[in-house]
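Visitor: I am new to this structure and would like to go through it by question and answer. Please show it to me before we start.

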Amino acid sequence: MKHVLGSIIGVTKKSNPTAFQKTLSINDFYWGKESYDYPMGQIQTLGKVSKEALEGNAEAYAPLTPEQVASYSIDWWLTVEDLPNSSNQIRVEGDRIILDYTENNTEVYDRLEQRWIEILQSLECGCEILPNTSSYFVKGGKTYFTGKLPLDGVGHQVGTARFGKDPTTLVLDLNCRSHDLDNLYIVDGSFFCSSGAVNPTLTIIANALRVGDHLIERMK
């Protein structure tokens with residue numbers, strides 16, 4: 001598993017001269033929304049896009065120029081949970097590493113993205129919604145550009161040795177010890193049962209400390 005990720009650029013009516021923009025995180029939609037009870041995900045500001053970064057795909061921003069977009073925009077990063085799929089695999093073939101992965105939870109990503117677009121437009125922070133790539137969709141005769149991150153942008157991989165009570169379907173027990181090998185413990189991101197819409201690092205650290213306490217007790 002990984003996160004389901006994407007980014008959008010909201011063009012505003014005011015200039016945005018900031019250089020270090022990645023300072024805000026919004027978790028309100030992790031608790032669902034009215035008429036939708038399931039977690040949607042997290043929104044955070046993205047490092048400020050530059051004119052130079054946009055010039056290679058200038059046609060996607062027309063009639064605005066890359067300079068206008070860079071000067072009058074706030075960039076947003078969207079993260080949604082990824083759920084386990086037993087057919088997802090990491091394989092080694094010769095000197096190549098193969099990621100065999102099928103994306104899921106796409107409806108939730110679409111809901112979160114559309115809800116955030118609506119909010120940006122209501123605040124005049126989304127006079128135009130533009131991409132960090134050339135992906136787009138059309139709704140109500142208007143084109144909305146998005147930047148869904150493809151598999152080659154994979155990060156925060158988790159879940160390759162999930163933990164739980166069932167040794168027939170899971171690799172580790174609840175203390176992250178292998179069901180099959182008494183002296184093998186795994187305390188990296190492999191034990192996750194799902195991929196949250198936040199960075200997994202603190203959870204990995206907390207779990208490693210928990211397993212460490214278990215080992216201390218076991219070795220007494």
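Visitor: Which residues does Trp116 touch, leaving out those up to four places away in sequence?
Guide: This is a predicted model. Contact here is counted between heavy atoms within 4.5 Å. Leaving out residues up to four places away in sequence, the residues that Trp116 touches are Ile8, Ile26, Phe29, Ile43 and Trp76.

Visitor: Which element gives the most to the largest nonpolar core?
Guide: The largest nonpolar core has 19 residues, and Trp116 is among those with the most contacts inside it, as are Ile8, Phe29, Ile43, Trp76, Leu78 and Leu112. At least two residues of this core come from each of β1, β4 (73–80) and α3. With seven residues, the element that gives the most to this core is α3.

Visitor: How many residues are in the second core?
Guide: In soluble globular proteins, nonpolar side chains tend to be buried together. Here a second core is separate from the one just described, and its members include Met1, Cys176, Phe191 and Val211. The number of residues in this second core is ten.

Visitor: How many helices and strands does the protein chain have, and in what order do the elements run?
Guide: The secondary structure comes to four helices and nine strands. Read from the N terminus on, the order of the elements is β-β-β-α-α-β-β-β-α-β-β-β-α.

Visitor: What share of the residues in the protein chain counts as buried?
Guide: The C-alpha atoms fill a box of roughly 65 × 40 × 35 Å along the principal axes. The accessible surface of the chain comes to about 12,600 Å², and 55% of that belongs to carbon and sulfur atoms. Of the 220 residues, the share that counts as buried is 40%.

Visitor: Which elements give two or more residues to the nonpolar surface patch?
Guide: Ile90, Val92, Ile97, Leu99 and Leu151 make a nonpolar patch of about 480 Å² on the surface. Two or more of its residues come from each of two elements, β5 (89–93) and β6.

Visitor: Is Ile90 buried or exposed?
Guide: Ile90 sits in strand β5 and is one of the residues of the nonpolar surface patch. The cut-off for exposed is over 50% relative accessible area. Because its relative accessibility is 53%, Ile90 counts as exposed.

Visitor: Which residue meets Arg91 in a salt bridge?
Guide: The structure holds twelve salt bridges. In one of them, the N to O distance is 3.2 Å and Arg91 is a partner. Arg91 is partly exposed at 26% relative accessibility, and its partner is partly exposed at 33%. That partner is Asp100.

Visitor: How far apart in helix α3 are Arg115 and Glu118?
Guide: The side chains of Arg115 and Glu118 meet in a salt bridge, 3.4 Å from N to O. Arg115 is partly exposed at 29% relative accessible area, and Glu118 is partly exposed at 36%. Because they are three residues apart in helix α3, their separation is about one helical turn.

Visitor: Which residues are linked with Asp173 in a network of salt bridges?
Guide: Asp173 counts as buried, at 16% relative accessibility. Its side chain meets that of Arg177 in a salt bridge of 3.5 Å, N to O. Linked with Asp173 in the network are Arg177, Asp182 and Arg218.

Visitor: Which backbone oxygen lies 2.5 Å from a polar atom of the side chain of Thr12?
Guide: Thr12 is in the loop between β1 (4–11) and β2 (25–26), and at 12% relative accessibility it counts as buried. Among the residues it touches are Tyr72, Ser73, Glu124 and Cys127. The backbone oxygen 2.5 Å from its side-chain polar atom belongs to Lys14.

Visitor: Which two residues does a cis peptide bond join?
Guide: Most residues other than glycine have a negative phi, and most peptide bonds are trans. In the loop between α1 (51–54) and α2 (66–71), where Pro63 is placed, there is a cis bond with an omega of about 10°. The residues it joins are Ala62 and Pro63.

Visitor: What is the phi of His156?
Guide: His156 lies in the loop between β9 (142–148) and α4 (201–219), and it is partly exposed, with a relative accessible area of 35%. Its phi is positive although the residue is other than glycine, with a value near 60°.

How values were computed: Residues numbered from 1 in each chain as written. Predicted model: local features only at pLDDT ≥ 70, side-chain atom pairs only at ≥ 80, totals over all residues. Heavy atoms only, no water. Buried < 20%, exposed > 50% of the residue type's maximum accessible area, 1.4 Å probe, protein only. Patch = residues over 30% accessible without salt bridge, like charges linked within 9 Å, V, L, I, M, F, W, Y side chains within 5 Å. Areas by Shrake-Rupley, 256 points an atom, 1.4 Å probe, with all protein chains shown as cover. Salt bridge = Lys/Arg side-chain N within 4 Å of Asp/Glu carboxyl O. Polar contact = N/O pair within 3.5 Å; in protein donor to acceptor, adjacent residues only side chain to side chain. Core = buried A, V, L, I, M, F, W, Y, C linked by side-chain atoms within 4.5 Å.
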